[in-house]
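User: I would like to learn how to read the features of a protein model. Could we go through them one at a time?

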Amino acid sequence: MRINGTLVNYYFHCKRQCYLHGNRINLEDNSEIVKTGKALHEERSVKTENSEIALENIRLDRLTKEYVTEIKKSDADEEACKWQLYYYLYILKKKGIIRKGKLEFVEKNKKHSRIEIYELNEEIELELKNIIEQIQLLLNSDNLPDTINKSHCKKCAYYEYCYI
């Protein structure tokens with residue numbers, strides 16, 4: 001499977017989730033949390049131009065002259081979101097499109113939102129190339145990663161697969 005932003009996000013969030021999703025075991029269609037995230041994206045994209053752009057194996061929430069914007073409903077796993085955005089910036093750069101990255105966190109109650117700006121540099125690119133290699137190794141492995149037993153597991157679309 002080709003690497004995409006979702007897999008990069010899942011790699012940081014949970015290696016097991018990354019492995020399962022990357023090997024086409026998709027349990028997200030029945031997840032209320034995933035449905036909420038998709039609804040948020042649809043609501044935000046109606047209000048703005050340049051939304052939900054598909055380019056090969058990536059889907060950008062928004063692309064402007066200055067930014068690639070990734071919209072998230074929560075900042076619960078900001079590290080995973082950040083690397084997903086770096087991956088998008090890297091893919092665009094390989095196509096000659098240079099942008100800054102913008103993470104937009106929109107909390108459920110909409111009273112709290114936050115924006116973080118990121119830029120790709122050589123050091124991050126080198127680390128990202130290593131991460132991509134690690135994801136490829138993980139996906140090609142015959143060994144399913146162990147469960148991580150974190151509090152956020154209960155909200156995961158793969159919870160029943162992993163724990164029941």
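User: What covers the buried residues of α2?

Analyst: Buried means under 20% relative accessible area, exposed means over 50%, and partly exposed lies in between, using a 1.4 Å probe and protein chains only. Helices (H or I, at least four residues) and strands (E, at least two) are DSSP runs, numbered from the N terminus. Contact means heavy atoms within 4.5 Å. Here the cover of the buried residues of α2 includes α1 (5-13), α5 (122-140) and α6 (159-163). Helix α2 spans residues 15-22, and 7 of its 8 residues are buried. They are R16, Q17, C18, Y19, L20, H21 and G22. Just after α2, R24 takes a positive phi of about 65°.

User: What kind of model is this, and how are its residues numbered?

Analyst: It is a predicted model, in which local features need pLDDT of at least 70 and side-chain atom pairs count only at pLDDT 80 or more, while totals for chains, interfaces and linings use all residues. Residues are numbered from 1 along each chain as its sequence is written, and side-chain values use heavy atoms, with hydrogens and water left out.

User: How many helices and strands are there in the protein chain?

Analyst: The protein chain has 6 helices and 5 strands. Read from the N terminus, the order of the elements is α-α-α-β-β-β-α-β-β-α-α. Of the 164 residues in the protein chain, 40% are buried. Among contacts between residues at least 6 apart in sequence, 65% join residues at least 24 apart.

User: How many disulfides does a search of the whole structure find?

Analyst: A disulfide is a pair of cysteine sulfur atoms within 2.5 Å. The search of the whole structure finds 0. For C18, the nearest cysteine sulfur is that of C14, 8.7 Å away, and C18 is in no disulfide. C156 is in no disulfide either; the nearest cysteine sulfur belongs to C162 and is 6.3 Å away.

User: Are C18 and C156 buried or exposed?

Analyst: C18 counts as buried because its relative accessibility is 0%. C156 has a relative accessible area of 23%, so it is partly exposed.

User: How do β2 and β3 pair?

Analyst: Two strands pair if DSSP finds at least two bridges between them. β2 and β3 pair in the antiparallel sense over 2 bridges. R62 has T69 of β3 as its bridge partner. The two strands, β2 and β3, form a hairpin with 3 residues between them. Strand β2 (residues 58-63) is largely enclosed by the rest of the structure, because 5 of its 6 residues are buried.

User: Where is E70, and what does its side chain contact?

Analyst: A polar contact is a pair of N or O atoms within 3.5 Å; within protein, one must be able to donate a hydrogen and the other to accept it, and residues adjacent in sequence count only if both atoms are side-chain atoms. E70 lies in strand β3 (residues 67-72). Its side chain makes a polar contact of 3.4 Å with the side chain of Q84. E70 has 3% relative accessibility, so it counts as buried. Leaving aside residues up to four places away in sequence, E70 touches R59, D61, Q84, L85, Y88, K102, L103 and E104.

User: Where is Q84, and which other side chain does it join?

Analyst: Q84 is in helix α4. A polar contact of 2.9 Å joins the side chains of Q84 and K72. Q84 is buried because its relative accessible area is 4%. Again without residues up to four places away in sequence, Q84 touches G5, T6, V8, N9, E70 and K72.

User: At what angle do α4 and α5 pack?

Analyst: Two packed helices are described by the angle between their axes and the distance between the axes. Axes are lines fitted to C-alpha atoms, for helices over the stretch in contact, and angles run from 0 to 180 degrees between N-to-C directions. Helix α4 (residues 78-94) packs with α5 at an angle of about 105°, and their axes are 11 Å apart. Angles under 35 degrees count as roughly parallel, over 145 as roughly antiparallel, 65 to 115 as roughly perpendicular and the rest as oblique. α4 and α5 are therefore roughly perpendicular to each other. Among the residues that make the contact are W83 and Y86 of α4 and I124 and L128 of α5.
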